[in-house]
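Open your viewer, and let us walk through this structure one selection at a time. Keep the sequence at hand for picking residues.

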Amino acid sequence: MTFKKLLLATTATAILGASIAPAMAQTTLRLVSKDLLTTNPDDVRLIEEIEAGLKAKGHDIDIQTIDLPSGTAAYADALGVMLLSGDIPDVIYFQGGDQKMAEQGILEDLTPWIEGSENIKAALWPHNVDRLANYPYLLYIYPPRGPQPVIRQDWLDELGLEAPTTVEEYEALFQAIHDADLDGDGTPGNTLGLTGFGNTSELDSIFNQAFGVTGTWMKNAEGQWVNSRVTDAEKAKIEFYARLAEKGLFDKEFVTNTFDVKEDKFYTGKAGVIFGSSPEVIDIYAGKMRQAHPGEEIELAVLPAPTGPGGQGLAAVDVSKESRGWAISSLSENKEAAVALLDFMASKEGQDLERLGFADVHHTVGADGAVTFTDQISTWYARFFNAANWTPPTPLLSPTAQTALDNIKNGFTADNAFVWPAEYAAEVDAAEQVYRSWVARFVTGEASLDQWQQFVDEYNAAGGARMAEYAATVLGG
């Protein structure tokens, strides 16, 4: 049976103007997520407490979680196989592969449900609103990723420097780190200013605007839309990265580094600066740094984005769609219960559970109602949402991590990227592969910036030219 026939065979409740009505009888809700497993006691208890919270609000829901591999790639593959076999749970967490399902009509348009929700709408971050308007099938209520650089505050003080605010000051900081003996081995001049892993996307987070890379699509001198990957602004940025690497200030091994290798170089003083992908990760870095150096009072400092032709701030945020998140099956006979679950997780009660963990395990509550976190909180993480309108009863983030979150909130700029039709998938992937390959070669010195036009020609031939033609039809004049 085709998905279209399945849709016709399944009569869904009309939802225009829908509100979330309490369920009168117990509803069984099947849910799949890589972060919710029946083999993890914390996950099992969390589901039980969610069910109790829902019941207190008049929703008697039995949540049945489906076990799939928890690794990102393995989960995406196993989920795809399960869905294509026709086994479609009511609530689905995607981390890739969702667009194919949306195009086949098996993902619910969440727009009317959110509009009629009690809590979800108020919990959204600004970029969530934009993404849902463009692609209303995935819900991922978290602040946008905005990698930001951090350094040990004592190292910054030891160098006698202020936090850099320009590209030139960043280069001077990396040079000062390189020339110092931060790892304490008695040999100055062998410390990397900055390390990374995989590719340069972390660096782009703060250096894009500084070099004038203001969005995915920019107009060239002729007024035509071109991908920013092939602009002069991009070339200047990559030239900066390559200069840092040539001088021993940026880790040339970034291509082969894994995230744990990157972190280890920071903890051992082999690199002075690394990027934290989120405020929570920055706090994890601080904790691991203190574990690596017991007895030392270590705090991290977030370094600001430098100023430049694009102003000062983090890179523009892609609002074309969520790259991951929660979906509801359009074939589900339990949509009201599915939305009730997501709405509860966006509520204060749901967020208290999600963010504070279990009472007397991850936190304690005093006679005066004051919440105190235990050491166990370091192993706890939210499985569903990080609501924009939730205020913790006691700070969850360190001042450093809070600064990083404030930077994300205050510096939000929407990108002009858009969702590609399926027929462009091959070009999008091929062009990105060409870009990443050439950037790695430019930065490591395997290729010279004199070969920039060769890269541009290869990028355009791989699909960049056809993509630009389509972009012009979307973005207009």
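Which residue forms a salt bridge with R243? Select R243 and look for E171: the two form a salt bridge, with their closest N and O atoms 2.9 Å apart. Bear in mind throughout that you are looking at a predicted model.

Stay with this pair for a moment. R243 sits in helix 11 (residues 232–246) and E171 in helix 9 (residues 167–179), so the salt bridge ties together parts that are 72 residues apart in sequence. Turn on a surface and compare the partners: R243 is partly exposed, at a relative accessible area of 35%, whereas E171 is buried, at 13%.

**Along helix 11 and past its end**

Now select E234 and K237. Their side chains meet in a salt bridge of 3.1 Å, N to O. Here both partners belong to helix 11, three residues apart, or about one turn of the helix. An α-helix has 3.6 residues a turn, so residues three or four places apart point the same way. Both E234 and K237 are buried.

Next, pick K265 and D251. This salt bridge brings the closest N and O atoms to 2.7 Å from each other. K265 lies in helix 12 (residues 259–267), while D251 is in the loop between helix 11 and helix 12, so the pair ties together parts that are 14 residues apart in sequence. Both K265 and D251 are buried.

For a linked set, show R152, D154 and E296 together: a network of salt bridges joins these residues. If you would like to hunt for others, the whole structure holds 24 salt bridges.

**The sheet**

Switch to a cartoon view and find the open sheet of four strands, in the order 2-1-3-12, with mixed pairing. Its edge strands are strand 2 (61–66) and strand 12 (325–328), each of which pairs on one side only. Look across the sheet: neighbouring strands are turned by 25° against each other on average, direction ignored.

Zoom in on strand 1 (residues 27–32) and strand 3 (residues 91–94), which run parallel and are joined by two bridges. To see residues facing each other across this pairing, select V32, which stands opposite I92 in strand 3. Then add helix 3 (residues 72–84), which packs on the sheet and touches strand 1, strand 2 and strand 3. The direction of helix 3 makes about 140° with that of strand 3.

**Helix 7**

Which residues of helix 7 (residues 126–134) are buried? Select H127, N128, R131 and L132 to see them. Look down the axis: these residues cover an arc of only 130°, which puts them on the same side of helix 7. Now bring helix 5 (111–115) into view, because the buried residues of helix 7 pack against helix 5.

**A last stop at H362**

Finally, centre on H362, in the loop between helix 15 (348–356) and strand 13 (363–365). Is H362 buried or exposed? Its relative accessibility is 2%, so H362 counts as buried. Show what surrounds this residue: leaving aside neighbours within four places in sequence, H362 is in contact with D42, L356, G357, F373, T374, Q376, I377 and W380.

Note on methods. Residues are numbered from 1 along each chain as its sequence is written. This is a predicted model: local features need pLDDT of at least 70, side-chain atom pairs count only at pLDDT 80 or more; totals for chains, interfaces and linings use all residues. Side-chain values use heavy atoms; hydrogens and water are left out. Buried means under 20% relative accessible area, exposed over 50%, partly exposed in between (1.4 Å probe, protein chains only). Contact means heavy atoms within 4.5 Å. A salt bridge is a side-chain nitrogen of Lys or Arg within 4 Å of a carboxyl oxygen of Asp or Glu. The arc is that of the directions from the helix axis to the C-beta atoms. Two strands pair if DSSP finds at least two bridges between them. Axes are lines fitted to C-alpha atoms, for helices over the stretch in contact, and angles run from 0 to 180 degrees between N-to-C directions.
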